[in-house]
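Trainee: I am new to this structure. Please take me closely through one part of it, the surroundings of the ligand.

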Amino acid sequence: MKIGIFGGSFDPVHVGHLLAASESADRLGLDEVQFVTAARPPHKRIATPAEARHEMVVLATIGDLRFRASRLELDHAGPTFTVDTLRRARGLWPGAELYFITGADAYHDISTWREPEALVELAQMVAVSRPGYDIKRIDPFFRERVIPLEIPGYELSSTEIRARVAEGRSVRYLVPYEVEVYIAKHGLYQSHS
Ligand code: ATP
Ligand code: MG
């Protein structure tokens, strides 16, 4: 089994995330990609409840046989560090080859992550390209240990989606339709955050 672990705050999940996961699965021959919704990311303040973000990931991943919405971080108390998540993933899927997928932007501050050197022992690291971030300018330690994947660029972020909703602008074709409906139904992102 080759399993992709794709972590994020997914506030909300958008088409950039789905393309990154799909291209990774395709190019690396992954059997599945686990979308791991971050419960309490150490470096970020998040207003949207983790359960709501996870529910949107469920809606977004339901139509793709390769995708799974994971509760790996949600059912775990305390702050969530990637290194702990990967250790738990190793316990959950012993014998599987793990690929930890992030956008290139994640590597710009990776030295501030907990036990960065341990990450590369626990999983094969993968960096997908992201407009505005140079995949070649990542920390030298990681440059040699990360698989860079050039993918078609979506210049899109959850921050942009939240701002659009707050301004009453359309997010059609930027998030899956079901996620658009979920946002409206639950009145998410009505004010800037
Ligand atoms: P925010 O603006 O709230 O930070 P985001 O769009 O960056 O949201 P995250 O949940 O922070 O989304 O990201 C989860 C993962 O997806 C990260 O590894 C990030 O690099 C990657 N990612 C997000 N958007 C894109 C994109 N448009 N192209 C490639 N990778 C992306
Ligand atoms: Mg981000």
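Trainee: Before that close look, how many helices and strands are there in the protein chain?

Mentor: This is a predicted model, in which local features need pLDDT of at least 70, side-chain atom pairs count only at pLDDT 80 or more, and totals for chains, interfaces and linings use all residues. Residues are numbered from 1 along each chain as its sequence is written, chains are lettered from A and ligands numbered from 1 in the order in which they are written, and side-chain values use heavy atoms, without hydrogens and water.

The protein chain has 7 helices and 6 strands (DSSP runs, H or I of at least four residues and E of at least two, numbered from the N terminus). In sequence order they run β-α-β-α-β-α-β-α-β-α-β-α-α.

Now the ligand. Around ligand 1 sit 21 residues, and H14, G103, D105, S158 and T159 come nearest (near means a heavy atom within 4 Å). By class, this shell holds 5 nonpolar, 12 polar and 4 charged residues; Ala, Val, Leu, Ile, Met, Phe, Trp, Tyr, Cys and Pro count as nonpolar, Asp, Glu, Lys and Arg as charged, and the others, Gly among them, as polar.

Look at single atoms next. A polar side-chain atom of H17 is 2.9 Å from an oxygen atom of ligand 1. A polar backbone atom of G103 also lies 2.9 Å from a ligand 1 oxygen. For R162, a polar side-chain atom is 3.2 Å from an oxygen atom of ligand 1. On its own, ligand 1 has 600 Å² of accessible area, and the protein covers 90% of that (Shrake-Rupley method, 1.4 Å probe). Strand 1 (2-8), helix 1 (15-28), strand 4 (97-103) and helix 6 (158-166) each give two or more residues to the shell.

Note on methods. A polar contact is a pair of N or O atoms within 3.5 Å; within protein, one must be able to donate a hydrogen and the other to accept it, and residues adjacent in sequence count only if both atoms are side-chain atoms.
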